[in-house]
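User: Please give me a close look at a single part of this fold, going through pairing, burial and packing. Afterwards, add the contacts elsewhere in the chain that are worth checking on screen.

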Amino acid sequence: MRLTDELRKSLRVRVDYTNMTDKYLGDKGFSAKKLDYYKAAAKRAHAYVAENRGKDELFMGWTELPYNQDAIVADILETAKKIRKKFENFVVLGIGGSALGPSMMFTALCHLHYNDLPKSKRKGPRFFVEDNVDPVRMKELLDIIDVTKTCFNVISKSGATSETMTQYLIISDLLQKAGADVKEHVVFTTDASRGNLVKISKELGGVKSYVLPDGVGGRFSELCPVGLLPAAVLGIDIKLLLKGAAYMDKICKSADFRKNPALLCATLQYAAMNDGKNIGVLMPYSDNLRYVSDWYAQLWAESLGKNETLSGTPCNVGQTPVKALGVTDQHSQVQLYTEGPYDKVVTFLSVESYKEKSPIPHGCEDIPDVSFLGGHTMEELIRAENKATAYALTKAGRLNYTIVLPEVNEFTMGQLLFLFELQTAYAGAMFNINTFNQPGVEAGKKATFALLGKPGYDEKKKELDQADSDPAYVV
Ligand code: PA5
């Protein structure tokens with residue numbers, strides 16, 4: 001795709017917050033005066049992000065990823081080409097930030113039944129993201145892939161995450177038993193110098209490795225080799241993805257939240273949270289976008305769910321992300337959104353032009369309940385249902401806004417991803433919390449180490465043994 005200024009503009013991702021305003025929601029909506037109250041907080045958040053962008057020590061290196069990876073992108077494209085030629089399967093082994101981004105891009109930008117397409121149509125290996133350590137899932141993956149024809153991308157910053165390293169142990173054992181050279185079947189994405197994968201690479205005699213940069217945390221890593229290599233293997237245009245991110249970055253330069261879409265979303269959500277809206281529903285009207293909700297859930301929850309401010313004042317902030325899919329969840333959750341407690345903000349992800357239209361043929365002419373559908377397209381139907389749901393929520397006085405993607409492609413996905421990352425950074429700055437750490441996740445990791453007997457965790461093990469469930473309370 002050759003990006004002219006005109007094309008850029010026509011593919012610009014937009015935020016429509018009509019249905020957050022008192023003009024449409026009455027006293028349940030935000031008045032201009034109320035939003036103006038947050039102007040100063042938004043401005044401060046914007047200044048914080050602008051001043052600290054790129055700083056590794058603050059884990060804000062992700063802001064520069066659209067600009068500083070020319071050599072890495074060239075290397076990734078080269079490696080991806082070889083992988084596409086040589087392997088039948090490409091398996092991502094990783095969890096959290098290492099898995100959700102690759103899954104999101106795979107679903108958004110590839111055929112929805114990619115793995116079931118004939119090889120001639122795929123033009124690349126089958127693709128799997130194995131994040132969970134459900135033993136059944138592992139076994140059943142191994143039932144359908146031949147490890148000797150598979151490339152495993154092991155993604156872990158620490159190389160100490162139990163889930164990922166368990167998977168690595170299993171596949172390296174299987175590869176060795178099959179007489180394969182492990183280092184020819186793995187690519188590591190990890191820390192530049194620290195961490196166990198660096199050690200393992202040396203032991204294996206030099207594994208092809210990519211760096212997960214110092215200032216980039218897991219959930220902000222999709223635009224570094226964590227996401228770029230899997231995407232390139234799938235034939236996704238990673239340069240266009242980065243251009244989309246850079247474009248959104250440019251759009252978000254203003255300190256006025258009414259002119260900066262990411263700052264606008266952060267301000268709307270922050271204002272809503274201050275009003276007790278502790279649930280944020282993300283509802284894409286597109287199967288291609290369904291895993292955006294999973295990726296966003298981690299970004300939003302792990303970044304904002306904190307119990308102290310940067311100055312050490314106790315707080316318990318954050319908003320619970322809920323994943324929904326339009327239209328599917330109109331027939332399950334929307335009843336609650338429309339009539340249940342006023343505790344939510346619904347964000348729709350709407351697509352203006354789907355890559356397929358799927359015309360609906362005429363038929364059943366004597367049944368008006370059915371015949372009216374004929375002559376339309378499925379695109380018209382899904383767009384109508386999206387509009388109808390937003391209307392119904394608005395009528396019921398429920399806060400909702402829409403992020404509009406003119407199309408789903410690399411350029412718009414890059415924009416969307418960067419919009420959410422900036423939104424999260426701004427919202428964290430408004431709360432004055434550390435947006436980029438995850439002590440709550442670390443606590444669970446350490447408890448798992450203790451339970452499985454990792455040296456140095458004896459005290460923790462004792463503590464956990466005492467925390468066993470009390471039979472008096474087991475029914
Ligand atoms: O966002 C994060 O930092 C986490 O979700 C990590 O990505 C996840 O815990 C995996 O960690 P690691 O990359 O060290 O294996």
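Analyst: What follows starts with one sheet and its central contacts, then moves to helix packing, one buried residue and the salt bridges.

The model is predicted, so local features need pLDDT of at least 70 and side-chain atom pairs count only at pLDDT 80 or more, while totals for chains, interfaces and linings use all residues. Residues are numbered from 1 along each chain as its sequence is written, and side-chain values use heavy atoms, with hydrogens and water left out. Helices (H or I, at least four residues) and strands (E, at least two) are DSSP runs, numbered from the N terminus.

The part chosen is an open sheet of five strands, in the order β3-β2-β4-β5-β6, with parallel pairing. At its edges are β3 (126-130) and β6 (208-211), each of which pairs on one side only. Ignoring direction, neighbouring strands are turned against each other by 15 degrees on average. Two strands count as paired if DSSP finds at least two bridges between them. Strands of a sheet pair through backbone hydrogen bonds, either parallel or antiparallel.

To follow the pairing residue by residue, begin with β2 (residues 89-93) and β4 (residues 150-155), which pair in the parallel sense over five bridges. N89 has T150 as its bridge partner in β4, and L93 has V154. On to β5: four bridges join this strand to β4, and the two run parallel. Here I155 has T189 of β5 as its bridge partner.

How much of β4 is buried? Six of its six residues are, buried meaning under 20% relative accessible area, exposed over 50% and partly exposed in between (1.4 Å probe, protein chains only). In a regular strand the side chains alternate between the two faces of the sheet. In β4 both faces are covered: T150, F152 and V154 are buried on one side, and C151, N153 and I155 are buried on the other.

Two helices lie across this sheet. Axes are lines fitted to C-alpha atoms, for helices over the stretch in contact, and angles run from 0 to 180 degrees between N-to-C directions. Helix α8 (residues 135-144) lies across β2 and β3 and runs at about 165 degrees to β3. Helix α9 (residues 162-177) lies across β2, β3, β4 and β5 (186-190), at about 155 degrees to β4.

Next come two pairs of helices. Helix α12 (residues 225-233) packs against helix α13 (residues 238-251) at an angle of about 135 degrees, with the axes 9 Å apart. The angle makes α12 oblique to α13, because angles under 35 degrees count as roughly parallel, over 145 as roughly antiparallel, 65 to 115 as roughly perpendicular and the rest as oblique. L228, A231 and A232 of α12 make the contact with I238, L241 and L242 of α13, where contact means heavy atoms within 4.5 Å. By class these residues are six nonpolar, no polar and no charged; Ala, Val, Leu, Ile, Met, Phe, Trp, Tyr, Cys and Pro count as nonpolar, Asp, Glu, Lys and Arg as charged, and the others, Gly among them, as polar.

Helix α20 (residues 439-451) and helix α21 (residues 458-466) pack at about 90 degrees, their axes 8 Å apart. α20 is therefore roughly perpendicular to α21. K446, A447, A450 and L451 in α20 meet K460, K461 and L464 in α21. This contact has four nonpolar, no polar and three charged residues.

T412 is found in helix α19 (residues 410-431) and is buried, at 0% relative accessibility. Leaving out residues up to four places away in sequence, T412 touches L11, V13, L405, P406 and E407.

A salt bridge is a side-chain nitrogen of Lys or Arg within 4 Å of a carboxyl oxygen of Asp or Glu, and by this rule the count comes to 25. One of them joins R53 and E64, with the closest N and O atoms 2.9 Å apart. Both residues are in the loop between α4 (39-52) and α5 (70-86), eleven residues apart. R53 is partly exposed at 23% relative accessibility, and E64 is partly exposed at 23%. D249 forms a salt bridge with K253, the closest N and O atoms being 3.6 Å apart; D249 is buried at 2%. R53, E64, D249 and K253 are linked in a network of salt bridges.
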